[in-house]
Amino acid sequence: MNVVLSGMSDEAQMEENIRIACEAESNTLSEEELNVFKAVKKEINEKTKIPCTGCGYCMPCPAGVNIPGCFSCYNDKYLMEDKSARRRYFQSLGAVFAKPAVASQCRQCGKCESHCPQKIAIRKELKTVSREMEGVLYKPFVAVVRKFMKVKSH
Ligand code: SF4
Ligand code: SF4
């Protein structure tokens, strides 16, 4: 048996889901369509490094880490073979701002992990994301940028 788990964040989405559930009929996909679906699902599962759905139940993080944002950029790097994923990681997570939301901000408190329905080892995965997306040059680079911006503003 297959079950659809559909996250809803507002009333409009709930109404949309109810409408689709009322209109949908079972066994409407052809054998060929089912095979395409299975092949795509297999490909996605194999290439997805961290099974984060982006639900946000782990948020907010007291250290300011955007947990789903970090995982999304990291997954895109592999799933979409997205060469701009690293740049997007730095831009979307405010890497050079005063309060960055990047993975290396994690203080390993563990508060987030008990809330994750996917049982992701968030602390361990964030260490991997930090290592691969930020590398060893991120912190020295940010220190230089901040120093420069401070000097420029005086
Ligand atoms: S373990 Fe890290 S990411 Fe999770 S809540 Fe604590 S500081 Fe935030
Ligand atoms: S709770 Fe888990 S699945 Fe949801 S956004 Fe956080 S890490 Fe991802």
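In which helix does Glu125 lie? In this predicted model, Glu125 belongs to helix α5, where the residue is buried and yet takes part in no salt bridge. The nearest side chain of opposite charge is that of Lys124, at a distance of 4.2 Å, which lies outside the 4 Å limit applied to salt bridges. When neighbours within four places in sequence are set aside, the contacts of Glu125 are with Ile50, Phe71 and Ile120.

One of these partners, Phe71, leads from the buried glutamate into the nonpolar interior. With residues up to four places away in sequence not counted, Phe71 touches Glu125 together with Ile50, Cys52, Ile120, Ile122, Leu126 and Val129. Phe71 is also among the members of the largest nonpolar core, a set of 26 residues, that touch the most other members, a group that further includes Ile67, Cys70, Tyr89, Ile122, Leu126 and Val129. At least two residues of this core are supplied by each of the helices α3 (67-79), α4 (85-92), α5 (122-134) and α6 (138-153), and the greatest contribution, five residues, is that of α3.

A search for enclosed space returned one cavity of 30 Å³ or more, and the volume of the largest cavity is about 80 Å³. Its lining comprises 14 residues, of which Cys52, Cys55, Cys58, Cys116 and Ile120 are the closest to the centre. Helix α3 provides the largest share of this lining, with three residues, just as α3 gives the most to the largest nonpolar core. Two of the residues closest to the cavity centre, Cys52 and Ile120, are also contacts of Phe71, and Ile120 is in addition a contact of Glu125.

Helix α5 also carries Ser130, which counts as buried because its relative accessibility is 17%, under the 20% limit. Beyond the residues up to four places away in sequence, Ser130 touches Ala103, Ser104 and Gly135.

Several backbone features were found in the loops. Most residues other than glycine have a negative phi, and most peptide bonds are trans. Against this background, the peptide bond from Met59 to Pro60 is cis, with omega near 0°, and Pro60 is placed in the loop between α2 (31-47) and α3. A positive phi, near 55°, is adopted by Asn27, a residue of the loop between α1 (11-23) and α2. Asn27 has a relative accessible area of 78% and is therefore classed as exposed, the limit for that class being over 50%. Lys119 likewise has a positive phi near 55°, in this case within the loop between α4 and α5, and its relative accessible area of 71% places Lys119 among exposed residues.

Across the whole structure, eight salt bridges were identified. In one of them, the side chains of Arg19 and Glu23 meet at an N to O distance of 2.9 Å; because these two residues are four residues apart in helix α1, about one helical turn separates them. Arg19 is partly exposed, at a relative accessible area of 36%, whereas Glu23 counts as exposed, at 53% relative accessibility.

A second pairing within a helix joins Glu43 to Lys47, whose closest N and O atoms are 3.3 Å apart. Both residues lie in helix α2, four residues apart, a spacing of about one turn of the helix. Glu43 is partly exposed, with a relative accessible area of 40%, and Lys47 is also partly exposed, with a value of 27%. Lys47 forms a further salt bridge with Glu81, with a separation of 3.1 Å between the closest N and O atoms. This pair links distant parts of the chain, since Lys47 is in helix α2 and Glu81 in the loop between α3 and α4, 34 residues apart. Glu81 counts as exposed, at 52% relative accessibility. Through salt bridges that share partners, Glu16, Arg19 and Glu23 are joined into one network.

How values were computed. Residues are numbered from 1 along each chain as its sequence is written. Chains are lettered from A and ligands numbered from 1 in the order in which they are written. This is a predicted model: local features need pLDDT of at least 70, side-chain atom pairs count only at pLDDT 80 or more; totals for chains, interfaces and linings use all residues. Side-chain values use heavy atoms; hydrogens and water are left out. A nonpolar core is a set of buried Ala, Val, Leu, Ile, Met, Phe, Trp, Tyr and Cys residues joined through side-chain atoms within 4.5 Å. Buried means under 20% relative accessible area, exposed over 50%, partly exposed in between (1.4 Å probe, protein chains only). Contact means heavy atoms within 4.5 Å. Lys and Arg count as positive and Asp and Glu as negative; His and the chain ends are not counted. On a 1 Å grid over the protein atoms alone, a cavity is a set of points where a 1.4 Å probe fits but cannot get out, and a pocket is an open set with protein on both sides within 12 Å along at least five of seven lines; lining residues have an atom within 4 Å of a point. Grid points are joined across faces, edges and corners, and a volume is the space filled by probe spheres set on the points.
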